[in-house]
Amino acid sequence: MSAKYNLSAGSLEIIMQGGKYPNPIMQILASKRINAGAADKERYRVVLSDSKNTISFAMLTTQVRDQVGPDVLEMYSVIQIDKYITSVIDNKAKGVGDARVLLILELKLIASGAEVGEKIGSPVQLTNDSSSSAPKTNVSNTNTNGTSTNSSVVYNKPATSNNPTPPMDTSENLSNQMTHPISSLSPYHNKWVIKARVTNKSSIRTWSNSRGEGKLFSLDLCDESGEIRLTGFKDMVDKFYDYVQVDKVYFISKCQLKSANKQYSTLKNDYEMTMTPETIIQECHDVDSSAIPQTKYDFVTIDKIANTEPNTIVDIIGVVKSVSDLQTFQAKSTGRELKKKDVTLVDQSKTAVALTLWGSEAESFDGTNNPVLVIKGARVTEFGGGKSLSTVSSSNIKVNPEMKECYRIRGWYDGEGANMDATNISARSGAGGFNTPWMSFKEVQDQNLGNADKGDYYQVMGTILLIRSENAMYKACPTPECNKKVIDLENGMYRCEKCNREFPNFKYRLLASMNVGDWSGNQWMSMFSSEVEKVLGQTSQEIGEQVEQNSEAMANIVDKCHFRQFILKCRAKMETYNDESRLKTVCIKVDPINYEEYNNHLIERIQQLIA
DNA sequence: CCCCCCCC
């Protein structure tokens, strides 16, 4: 029944001579795992047929295979190749001359091997001869993304080169050599030249540990096929750091390849490279170098961050909704002085997230006019049950870069996003993301809650028994997200120690201490402004204005709320103070009672008792 | 050969 699968007969001949053939349909006749080290570094060599010819040197990575599913490599399966690169590999050492390999970058499964069940046509092996007989100009690498209008990307270009003097032996001019796609690099062959754009250059960092000390820097490199990190240690810093510039394209060869430590790698490659004394880096001045892509992004929308594990590295694009002032403080662990700025980002998922910038990036960042921030390699962090982002040294930060995703989000923000309420996933609350089991206050006591590092969370249906009206309100820093109590300078100005600034204004905030009871007992807890407002049924500002008029107002407002009932989500944490440990409870969220939900919980408890 | 990435 294989007649119904129409393979792209003759396409291999064209492709393997460096020509273009968009979206060819091929059959897999055999596949073999090669260079298998760790399971996640597998590559596959595939025998491909277009029904007229076969080649036995097509390759794909595990990642590409996984885009489609593991079955794609079954014998006889029919695939459509949506993106590929061919590359000439120097095999003279093996006495077989140059060989062209086909590297599959994207594919679709048309029919499984089981469905097809047989070899289609009577293909014959495409000879090496036919691939090396290609004209020698402009053919070392061709690429197609499957569109018929797409032009070839010529990796090696020759002739005129006016490189500035590179900091190394120039007897070898790499611009006249065949180049290889980054995705074909592996520790298993070392004769290659890549033509890659530097998308990021780290600062120079020093280290000192039991194994020695030194300095290092790293470059993020990318080409049409992929990306890879290149690190230079010690002498290599002096040799290359100033020479190499971000956004320029270079010919690079003779680096050491090794497996990337996935825990720390922010680039999508199983390998990374280290400079050696033999390493050559030469700037490429080709007009065609514009075809080498800029930084590759794999954006996640902000709503997805809520369900992303802490320490995950993500690429993010968002509009700057607000920015804190620069904050300076001592790191507890190292004693070093740290500087940071907190940025609130929003995107079309109608979600907001806090992003922390550090050091000089924090100092120089200007968030006025709501710029679009694009970050490759931000780190997900967790704090108080909310998720946030933080830059790390390898993060690549761009403000309003010229790219289509940036224009799209700009349009959304200017059109509707600016006036939209966004869910803030960085808010410290037990509202989402983790489990808040129902508990009674007696159970909280009996089960010794509060010993977990980040505290224990629970929810309870409680009655407000007593709210302390003294000190329940304070004048706070007007900066959004700050909320620190200001010092009244008695001259019309208010000073925030945290922001290290004086303001002519302040905002009222509530911070209430209250005793809450349920059927089993009672518990003292504290509650922040947003939740106290729900209990008292008024905003902090409204309450503040009443208290300004009448100092007794607070006691009256509070009194009206006694014996009201709510669902309270609480965090309990054991704290030691003056050698005495006691359970500190913070109510992080107050909601009106949803009786259906609460009754379901009661019914469940009753059924547990019966069983 | 680094791989720390900070604070509430």
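Tutor: Helices (DSSP runs of H or I, at least four residues) and strands (runs of E, at least two) are numbered from the N terminus, and just after one such helix, α10, G537 takes a positive phi of about 75°. The structure is a predicted model, in which local features need pLDDT of at least 70 and side-chain atom pairs count only at pLDDT 80 or more, while totals for chains, interfaces and linings use all residues. Residues are numbered from 1 along each chain as its sequence is written, chains are lettered from A and ligands numbered from 1 in the order in which they are written, and side-chain values use heavy atoms, with hydrogens and water left out.

Student: Which residues of helix α10 are buried, and how do you know where on the helix they lie?

Tutor: Helix α10 spans residues 529-536, and its buried residues (under 20% relative accessible area, against over 50% for exposed and partly exposed in between, with a 1.4 Å probe and protein chains only) are S529, E531, V532, V535 and L536. Viewed down the axis of α10, these residues fall within an arc of 160° (taken from the directions from the helix axis to the C-beta atoms), so they line one face of the helix.

Student: Why is Q282 called buried, and where does Q282 lie?

Tutor: The relative accessibility of Q282 is 2%, so Q282 counts as buried under the cut-off. Q282 belongs to strand β15, residues 280-283, and its C-alpha is 8.1 Å from that of N173, although the two are 109 residues apart in sequence.

Student: What makes E118 partly exposed?

Tutor: E118 has a relative accessible area of 34%, which lies between the two cut-offs and therefore makes E118 partly exposed. E118 sits in the loop between α3 (113-116) and β6 (124-125), with its C-alpha 9.0 Å from that of L29, 89 residues away along the chain.

Student: What is the phi of N369, and what is the phi of N400?

Tutor: Most residues other than glycine have a negative phi. Phi of N369 is near 65°, a positive value in a residue other than glycine, and N400, also not a glycine, has a positive phi of about 45°. N369 is placed in the loop between α7 and β20 (372-383) and counts as exposed at 69% relative accessibility, whereas N400 lies in the loop between β22 and α8 (404-415) and is partly exposed at 41%.

Student: How do you know where the second largest pocket lies?

Tutor: Domain 2 (174-291) and domain 3 (302-424), whose bounds come from an automatic or database domain assignment, both give residues to the lining of this pocket, so the pocket lies between them. Its space is about 1,700 Å³, and among the 44 lining residues R205, R229, V392, S393 and S394 lie nearest its centre. Strand β10 (212-222) is one of the elements that each supply at least two lining residues, and β10 gives the most, with four.

Student: How many disulfides are counted?

Tutor: The rule asks for a pair of cysteine sulfur atoms within 2.5 Å, and by this rule the count comes to zero. Among the cysteines, C284 is buried, with a relative accessible area of 5%, and C406 also counts as buried, at 4% relative accessibility.

Conventions. On a 1 Å grid over the protein atoms alone, a cavity is a set of points where a 1.4 Å probe fits but cannot get out, and a pocket is an open set with protein on both sides within 12 Å along at least five of seven lines; lining residues have an atom within 4 Å of a point. Grid points are joined across faces, edges and corners, and a volume is the space filled by probe spheres set on the points.
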